[in-house]
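Here is a short briefing to read alongside your model. Have a look at the overall fold first, and then at how the strands are arranged.

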Amino acid sequence: MQEKRILIKDPIYGYIQCSPEEKKIIDTEAVQRLRRIRQLAGSEFVYPAGVHTRFEHSLGVMHLAGLLASTLIEKGVLEEEGLRQIRIAALLHDVGHGPFSHVFEALLIRHLGKTHEDMTVKVITESSLKDVLNEIGLNVKDTALLAVGKLDNRKREFWSQIISSTVDCDKLDYILRDSYHTGGEFASIDVFRLIYTIDLYEGSLAVDLAALPTLEAFLIARLELFRSIYFHKASRAAQILLEKALEEAHKEVDILKLSAEEYLKQDDYTMWTLLLQCEKSREYIERLRRRDLLKVAYEKASFTKDGVFPTILTKDSVRRQLEEEIAGEASVDVGEVYIDVPTLPSVPYHHAMKDEPMEIPIFQRQKNGSKKILRLGDVSNILSVMRGFLNIIRVYTNVKNREIVAEASKKILGEPFSSKISY
């Protein structure tokens, strides 16, 4: 008797199907909590409809991972059991996100040396989620490692790449979904053509040359999303206030709970309430309630082949020192100067093909059915140009100090490409 599948309505794919055992996973506290964690914390201050959650994104990643796995089954490189494991791992790939998503991750990294992927492994292996996985016969540790793209199995290395690589199902979904909810018009890419043309080459995922235009569109769309949404100056201004509030609250209350079950009690709602209750964090949240955001006094953007300068600035100690210098030059309180460095390698790729870690494997199918691997730079001028870092350095301050901080920033950091302050 065929198992009854559940249909979930989705604005991107129409309907997402899930099996009864996937429904059991979806109904766990760990996954349901994702309904209360927004995908784009801070972006709603710029894009009012960008209030979608990690929950719907996780369903979307499961759906796309299932499609890609099914395609690989048809090509004879994956067994049916792999489809089941990959879909569930994809569903769970974000259960380790804290309140306000990546904003909270800054605290995890700073105080615990952990990322949301580390917390995903912790949640899967230490919360009640592990009991459900055991009940349906899945290996808990392997599921956790696969969910974060770190399954240590040479024969199954491509399983992890389905969830975590340059052209993975996580990115395919968030590009479509974030663009849809924010109203972006630049991400109308045919993800299904990419999925249906991906194959294996020497045990790793590779993209068919026939889908090169779609691959180019995907990577350009991703870059545009970072520039227009994730790195938007007002979105980042809101995130800075959130991060400052979290830091101040952490001084009063330990918000970095180590227990997996305690961690699952935290979401956007509970944390927002806590931040309003803590005396030192309340000021920042009150500003967000009024949309009284920080203003950009200085901005420099460049596209370079390396990210050395902004990488140095991501170190707290270096950034604090520069903030102190700028504040001293401007004769303002150091607490009113914030340096933000949202840097990005536009085509980040650490693939199994170790000889060229920044190369996305492209293959051309020969007449005899064999595959010939090609260098990305040889087949796409567009992607050759894009292979670098989008470097953005911004200095934020309060509106009353904007002009004097702008002048001080120019003295310390050099002339921006445009001396005009954008309002």
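In the protein, 71% of the contacts (heavy atoms within 4.5 Å) with a separation of 6 or more are between residues 24 or more positions apart. Please keep in mind that this is a predicted model, in which local features need pLDDT of at least 70 and side-chain atom pairs count only at pLDDT 80 or more, while totals for chains, interfaces and linings use all residues. Residues are numbered from 1 along each chain as its sequence is written, and side-chain values use heavy atoms, with hydrogens and water left out.

**Overall picture**
- The protein has 21 helices (H or I, at least four residues) and ten strands (E, at least two), taken as DSSP runs numbered from the N terminus.
- Of its 423 residues, 55% are buried, meaning under 20% relative accessible area with a 1.4 Å probe, protein chains only.
- Carbon and sulfur atoms hold 51% of the accessible surface of about 19,000 Å², computed by the Shrake-Rupley method with a 1.4 Å probe.

**The four-stranded sheet**
- Four strands form an open sheet in the order E3-E4-E8-E9, with mixed pairing; strands pair if DSSP finds at least two bridges between them.
- Strands E3 (198–201) and E9 (371–374) are at the edges with a single partner strand each, so one side of each has no neighbour in the sheet.
- Strands E4 (residues 204–208) and E8 (residues 362–365) run parallel, joined by two bridges, and Asp208 has Phe363 in E8 as its bridge partner.

**The hairpin**
- Strands E1 (residues 6–10) and E2 (residues 14–18) are antiparallel, with five bridges.
- Three residues lie between E1 and E2 in this hairpin, and Leu7 is opposite Gln17 in E2.

Terms used. Buried < 20%, exposed > 50% of the residue type's maximum accessible area, 1.4 Å probe, protein only.
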